[in-house]
Amino acid sequence: MIAFLVELDNRPGSLADVTEAIAERGINVIGGTGVACGSSGQLALATNDEAATRRVLLGRGFKSHEIQVVPVTLADTPGTFAKACRALADARINVEAAFAMGATGDRNTIAFAIDDPVKARSIVTQESIVADGH
């Protein structure tokens, strides 16, 4: 899975411009997050059609880059997200974004956009981190 990290201006309508361009092509956003600081911001998102999303972003001139995403299902309890983040940090894996992909019952699926997906999968799939070993 790929996350698109899109650079935005911190102004009204900037987020709407990107999401409307994606929606116009019938692409569904399945997870994401955004943040702004000062005059700029960034949107991290995953969609149901990576190739079409790439074409939209390039065609509309949005500045972005792509990064692999590793989804992990965590127990919905205090500290599990922190434990996963610490395990990745201790393995010297950089997290460029983390965002919720959904929740079911007592579990949350978090997508980690990271620089080493193979190594990250082995870290975040450990029994001591994930919910019931999933």
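This passage describes the fold of a predicted model, from its overall dimensions to a few individual residues.

The protein contains 4 helices and 6 strands. Read from the N terminus, these elements follow the order β-α-β-β-α-β-α-β-β-α. The C-alpha trace extends over about 45 × 30 × 25 Å along its principal axes. The radius of gyration of the protein is 16 Å; a compact globule of 134 residues would have a value near 14 Å, and the two agree. Buried residues make up 35% of the 134 in the protein. Among contacts with a separation of 6 or more, 69% join residues that are 24 or more positions apart.

A good place to begin a closer look is the sheet region around β3. Strand β3 covers residues 40–47, and 6 of its 8 residues are buried, so that the strand is mostly covered under the 20% cut-off for relative accessible area. On one hand, β3 pairs with strand β1 (residues 2–9), to which it runs antiparallel and is joined by 6 bridges. Within this pairing, Asp-9 stands opposite Ser-40 of β3. On the other hand, β3 pairs with strand β2 (residues 29–37), again in the antiparallel sense, over 8 bridges. Here Cys-37 has Ser-40 in β3 as its bridge partner. Ser-40 thus appears both opposite Asp-9 and as the partner of Cys-37. The connection between β2 and β3 is a hairpin with 2 residues between the strands, and Gly-38 in this turn adopts a positive phi of about 65 degrees.

Helix α2 spans residues 50–59, and its buried residues are Ala-52, Thr-53, Val-56 and Leu-57. These four lie on the same side of α2, because the arc they cover around the axis is only 130 degrees. This spacing fits a general feature of helices: with 3.6 residues a turn, residues three or four places apart point the same way. Arg-55, Leu-58 and Gly-59, by contrast, are exposed on the other side of α2. The buried residues of the helix pack against β1, α1 (14–24), β3 and β4. Both ends of α2 show a local feature worth noting. At the N-terminal end, Asp-49 acts as a cap, with a side-chain oxygen 3.4 Å from the backbone nitrogen of Ala-51. Just after the helix, Gly-61 has a positive phi of about 75 degrees.

The interior of the model can also be viewed through its nonpolar cores. The largest of these has 14 residues, and Val-72, Leu-88, Ile-93, Phe-112, Ile-114, Ala-120 and Ile-123 have the most contacts inside it. Two or more residues come from each of β4 (64–75), α3 (80–90), β6 (107–114) and α4 (117–124). A second core, separate from this one, has 13 residues, including Leu-8, Leu-45, Ala-52 and Leu-57. Ala-52 and Leu-57 are also among the buried residues of α2. More generally, nonpolar side chains in soluble globular proteins tend to be buried together.

Finally, Thr-80 offers a view of a single polar residue. Thr-80 belongs to helix α3 and has a relative accessible area of 15%, so it counts as buried. A polar atom of the Thr-80 side chain lies 2.7 Å from the backbone oxygen of Ala-75. When neighbours within four places in sequence are set aside, Thr-80 is in contact with Leu-74 and Ala-75.

Note on methods: Residues numbered from 1 in each chain as written. Predicted model: local features only at pLDDT ≥ 70, side-chain atom pairs only at ≥ 80, totals over all residues. Heavy atoms only, no water. Core = buried A, V, L, I, M, F, W, Y, C linked by side-chain atoms within 4.5 Å. Buried < 20%, exposed > 50% of the residue type's maximum accessible area, 1.4 Å probe, protein only. Polar contact = N/O pair within 3.5 Å; in protein donor to acceptor, adjacent residues only side chain to side chain. Contact = heavy atoms within 4.5 Å. Pairing = 2+ DSSP bridges. Arc of directions from axis to C-beta. Rg over C-alpha atoms; globule rule 2.2 N^0.38 Å.
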